[in-house]
Amino acid sequence: MDLRLTPEQEDLKKRAYAAGLEFREAAFKWDEEDAVDYRAVSDRFGELGFFGLTAPKEWGGQGGDCMSYLLAVSEAIRASGSWIVGEPMFCTTGPGPSMIMLSESQALKDQYLRDVLTGKLGCAIALTEPAHGSDLTYLETTAVRDGDSWVVNGSKSYVTGAIYNELYATFVRFDGIPGPRGIGAVLIPADSPGFTMSRGPVFLGTRSIPHGDIELKDCRIPLENLIIGPGHFARLMTAFNMERLHNCAVSLGGMLCAYDEASEHVQQREQFGRPVIEFQHVYHTLADVAVTIEAHRLLSYKAAANAIDGKYPELQDVSIAKLFGGTRIPEVAMKCAELMGGKGVTSVTRTQRIVRDAVTNVVAGGAPAVLRNSIAAALFPGRKFPQTRG
Ligand SMILES: Cc1cc2nc3c(=O)[nH]c(=O)nc-3n(C[C@H](O)[C@H](O)[C@H](O)COP(=O)(O)OP(=O)(O)OC[C@H]3O[C@@H](n4cnc5c(N)ncnc54)[C@H](O)[C@@H]3O)c2cc1C
């Protein structure tokens with residue numbers, strides 16, 4: 001596998017870094033106020049050419065691949081130090097748009113896909129429920145056909161971007177069929193009757209855009225809004241793997257941001273009459289951090305390069321990369337903060353925000369234990385690792 005970047009990919013990386021840099025200062029205010037003018041950020045990323053990266057050109061996308069997505073999201077986050085700048089790419093290329101692209105409903109694509117891929121409508125994803133997170137296959141939100149509508153009932157939690165997006169790719173259970181066989185997804189516009197949203201609890205990190213709650217009470221949507229019906233859980237999760245690639249990009253960008261800031265600091269800061277980088281503890285710590293980042297970069301590049309049709313990451317590759325990045329970034333960020341002494345934990349550094357974001361993100365897109373279950377199941381295909389009680 002050749003993981004060297006092409007000149008076009010190098011150019012995309014530079015453009016994404018420059019785009020992220022535009023928001024480096026604003027990101028401090030977003031975090032402090034726990035608020036952001038998300039539409040303005042999203043529009044700017046659209047102007048700069050970052051929407052619909054992996055989507056086909058006939059739908060208004062750029063016809064690119066997962067590597068473009070990984071590079072764009074990670075470099076924008078590296079420069080800004082904020083996960084927010086990844087959201088315009090997430091909502092126009094990530095799991096929601098990928099699910100619509102995979103859908104067999106031509107009417108659904110005709111109505112929404114172009115607007116989603118060109119950023120006119122934002123698409124978030126709603127899986128998690130108050131009683132079901134890791135055990136997604138137990139989810140209780142139901143979709144029942146009634147004439148020419150689906151009627152959806154249930155509750156969703158921690159939906160990133162809830163209140164800011166117009167569309168929600170929502171995981172539901174059809175016809176009371178138990179287990180994964182009954183699970184599919186529908187696309188719910190936020191202005192549907194019976195659909196309400198609230199900001200949800202305040203988070204330690206990944207602030208500014210809420211991870212909100214959604215209530216669905218006899219929420220009625222047209223039949224054409226079916227994304228994928230029951231019996232195709234594996235297909236649905238193929239699109240969801242874009243979520244995990246996004247998590248990889250967020251970890252990679254955050255690690256690089258903390259490393260850049262700490263490296264600059266230790267070369268300027270003097271103690272005992274010497275730049276602190278000259279102390280062995282400091283340059284050894286930076287070497288260790290650089291090795292971890294390189295390992296995560298290579299695992300993430302592999303997950304992107306191996307994606308099916310360049311667009312749908314393989315479960316095992318992306319689970320390994322997400323597990324590595326998501327569990328290592330807290331340690332990387334804390335080491336970088338420590339290298340900056342007291343300053344490292346003050347509000348003037350990007351790194352203190354990365355520390356909080358890293359801890360907050362550990363379970364987002366799948367908890368580490370769940371990723372380990374999935375990785376082990378693929379390593380030992382002849383064995384069963386049942387998680388359900390007796
Ligand atoms: C920042 C952030 C953003 C998010 N964004 C979204 C979003 O946009 N849309 C959405 O739908 N959801 C979102 N989520 C929710 C996220 O997907 C869930 O939090 C996650 O799947 C874990 O579910 P849970 O919180 O219910 O934890 P639980 O499933 O209750 O897990 C609690 C603990 O039990 C462990 N555990 C559970 N099952 C097993 C097992 N079989 N083996 C070993 N250990 C196990 C877990 O590892 C964890 O440590 C977000 C969460 C966060 C933190």
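Lys156 has a relative accessibility of just 1%, so it counts as buried. This is a predicted model, and two spots in it get a quick look here: the surroundings of that lysine, and a helix pair.

**Lys156 and its surroundings**

- Lys156 sits in strand β3, which runs over residues 149–160.
- What does the side chain of Lys156 reach at 2.8 Å? That would be the backbone oxygen of Leu127.
- There's also a polar contact from side chain to side chain: Lys156 and Glu129 are joined at 2.9 Å.
- Leaving out residues up to four places away in sequence, Lys156 touches Ala126, Leu127, Thr128, Glu129 and Pro130. Other residues it touches include Leu139, Thr141, Thr170 and Phe171, and Gly212, Asp213 and Ile214 are on the list too.

**Helices α8 and α11**

- Helix α8 covers residues 233–268 and helix α11 covers residues 350–361; their axes come within 9 Å.
- How are the two helices oriented relative to each other, roughly parallel or roughly antiparallel? The axes cross at roughly 155 degrees, and angles over 145 count as roughly antiparallel, so α8 and α11 are roughly antiparallel to each other.
- The handedness of the α8 and α11 crossing is left-handed.
- On the α8 side, the contact is made by Val250, Gly254, Cys257, Ala258 and Glu261. They meet Arg350, Thr351, Ile354 and Asn361 from α11.
- Sorted by type, the residues of this α8 and α11 contact come out as four nonpolar, three polar and two charged.

Notes: Residues numbered from 1 in each chain as written. Predicted model: local features only at pLDDT ≥ 70, side-chain atom pairs only at ≥ 80, totals over all residues. Heavy atoms only, no water. Axes fitted to C-alpha atoms, helices over the stretch in contact; angles between N-to-C directions. Helix = DSSP H or I, 4+ residues; strand = E, 2+ residues; numbered from the N terminus. Parallel < 35°, antiparallel > 145°, perpendicular 65-115°, else oblique. Left-handed = near helix turned anticlockwise from the far one by under 90°. Contact = heavy atoms within 4.5 Å. Nonpolar A, V, L, I, M, F, W, Y, C, P; charged D, E, K, R; others polar. Buried < 20%, exposed > 50% of the residue type's maximum accessible area, 1.4 Å probe, protein only. Polar contact = N/O pair within 3.5 Å; in protein donor to acceptor, adjacent residues only side chain to side chain.
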